[in-house]
Amino acid sequence: MTAQVTGTDILDVAREQVLGRGVPLTEEQVLEVLRTGDDRLQDLLALAHEVRMTYQGPAVEVEGIVSLKTGGCPEDCHFCSQSGQFTSPVRSVWLNIPELVRAAKQTAATGASEFCIVAAVRGPDARLMEQMREGVAAIRAAVDIQVAASLGMLTQEQVDELVDMGVHRYNHNLEAGRSYFPQVVTTHSFDERLETCRMVKESGMELCCGGLVGMGETLEQRAELAAQLGELEPHEVPLNFLNPRPGTPFGDLEPMSTNDALRTIAAFRLALPRTILRYAGGRELTLGDLGTRDGLLGGINAVIVGNYLTTLGRDPREDLALLDELEMPIKALNETF
Amino acid sequence: MVFADAGAHEPVARGEDPGAWCGQCGLGVGDGDHARCAVRAELEPPRYCIHCRRRMKVQVTPGAWTATCIEHGSVERSTWA
């Protein structure tokens with residue numbers, strides 16, 4: 001039996017508790033980690049990496065995402081350029097099925113095992129569900145890749161339909177901790193988001209549920225998000241760093257610092273030792289090349305390859321070369337962590 | 001006349017014509033400093049037609065983007081070399 005650590009250094013506590021016993025950090029402990037100084041950052045990242053390697057192994061899950069329906073969203077998520085309520089230059093556009101299949105093929109060619117179809121909506125209507133049914137069938141007939149979806153809030157009937165289509169994972173982020181959520185979204189509630197997440201989990205689909213950091217939340221609220229994600233126990237947590245979008249309410253915020261972003265990655269890994277932790281939007285701006293590498297050595301074990309929904313990502317060859325250099329194999333299709 | 005880089009002022013269906021409007025911010029290319037637009041163009045497709053300033057329909061996919069101006073047509077750029 002592992003002895004309890006009696007000291008108060010949070011990294012020593014985390015080493016014994018998370019690495020030694022597999023017990024995630026609590027909200028208070030995550031906050032303590034987020035408050036550690038830059039002088040502890042390398043030790044923190046090294047510990048988070050050990051935790052990742054112990055509970056998840058060296059493989060990295062690679063995913064591509066595409067926007068099936070862009071812009072014109074009725075919701076007011078303050079970080080999002082696709083809301084129809086802001087003066088963002090993003091216009092509404094739909095992707096056709098041949099282009100959707102082409103995007104899935106592009107993604108699969110990188111070795112990715114996941115392809116996520118995303119729509120900027122409050123929730124899917126009949127037209128979108130029909131487009132999904134056609135699109136998922138066309139992808140599954142042409143490309144060897146797992147299909148995920150992100151279509152906003154769902155009804156139970158829609159959850160069942162997606163399962164029937166063969167969608168294996170559904171993304172629905174909490175976006176922020178409960179206490180900060182009303183500062184981020186006013187057109188729906190935190191509990192409405194939770195309800196969709198719970199239905200997805202109960203359906204047998206894998207739940208992908210993360211959030212954004214760097215939106216002006218306090219460290220306490222960032223720790224709260226980690227804890228609330230931990231309670232939900234999603235299969236995957238995508239971690240986004242705010243990329244301030246012109247015309248949105250958060251458009252004038254400064255991107256968070258690289259060190260804060262890396263500390264957040266490590267803290268989330270210590271709060272979610274057995275969860276896939278994915279680099280999502282904003283890493284190019286917030287972390288750059290060096291930070292991307294540090295994050296992969298600090299708890300991250302999944303990446304989005306190529307472009308995002310409305311913005312551009314790194315050339316996939318750079319990411320794949322980095323994974324090769326770090327001796328982190330791409331997770332094979334149907335392999336489980 | 002101040003130009004940002006080609007990403008910010010991606011010509012749409014007119015080859016060599018550099019256009020009069022910034023593809024990123026939609027302001028005149030001679031109006032003010034477009035240094036931030038040039039930086040943004042590394043991670044953003046253009047949103048405004050450089051010839052007429054109309055907002056374009058832009059579709060981003062994992063390996064490319066397509067921008068369409070109702071007046072000046074479409075351009076597609078691969079982002080995977």
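1. Start where the two chains meet. In this predicted model, 24 residues of chain A are in contact with 18 residues of chain B. On the chain A side, the elements giving two or more residues are strand 1 (61-70), helix 4 (97-109) and helix 11 (283-286). Sorted by class, that side of chain A has 11 nonpolar, 9 polar and 4 charged residues.

2. Next, the core. The largest nonpolar core holds 113 residues, and A:Val30, A:Val33 and A:Leu270 touch the most other members. Helix 10 (residues 258-271) of chain A supplies the largest share of this core, with 8 residues.

3. A:Val30 is worth a look of its own. Setting aside neighbours within four places in sequence, A:Val30 is in contact with A:Leu25, A:Ala223, A:Ala226, A:Ala227, A:Ala267 and A:Ala271.

4. Now helix 8 of chain A, residues 190-203. At 1.5 Å a residue, its 14 residues should span 20 Å, and the end C-alpha atoms are indeed 20 Å apart, so the two agree.

5. Which residues of helix 8 of chain A are buried? They are A:Arg193, A:Thr196, A:Cys197, A:Met199 and A:Val200. These five sit on the same side of the helix because they cover an arc of only 160° around the axis. On the other side, A:Asp191, A:Arg198 and A:Glu202 are exposed.

6. As for what covers those buried residues, the list includes helix 6 (156-165), strand 5 (169-171), strand 6 (206-208) and helix 9 (219-232) of chain A.

7. One last backbone detail: A:Gly204, just after helix 8 of chain A, takes a positive phi of about 100°.

Terms used:
Residues are numbered from 1 along each chain as its sequence is written. Chains are lettered from A and ligands numbered from 1 in the order in which they are written. This is a predicted model: local features need pLDDT of at least 70, side-chain atom pairs count only at pLDDT 80 or more; totals for chains, interfaces and linings use all residues. Helices (H or I, at least four residues) and strands (E, at least two) are DSSP runs, numbered from the N terminus. The expected span of a helix is 1.5 Å times one less than its number of residues. A residue is buried if 20 or more other C-beta atoms lie within 10 Å of its own, exposed if 12 or fewer, and partly exposed in between; C-beta atoms are placed from the backbone. The arc is that of the directions from the helix axis to the C-beta atoms. Two residues are in contact if their C-beta atoms, placed from the backbone, lie within 7 Å. Ala, Val, Leu, Ile, Met, Phe, Trp, Tyr, Cys and Pro count as nonpolar, Asp, Glu, Lys and Arg as charged, and the others, Gly among them, as polar. A nonpolar core is a set of buried Ala, Val, Leu, Ile, Met, Phe, Trp, Tyr and Cys residues joined through C-beta atoms within 7 Å.
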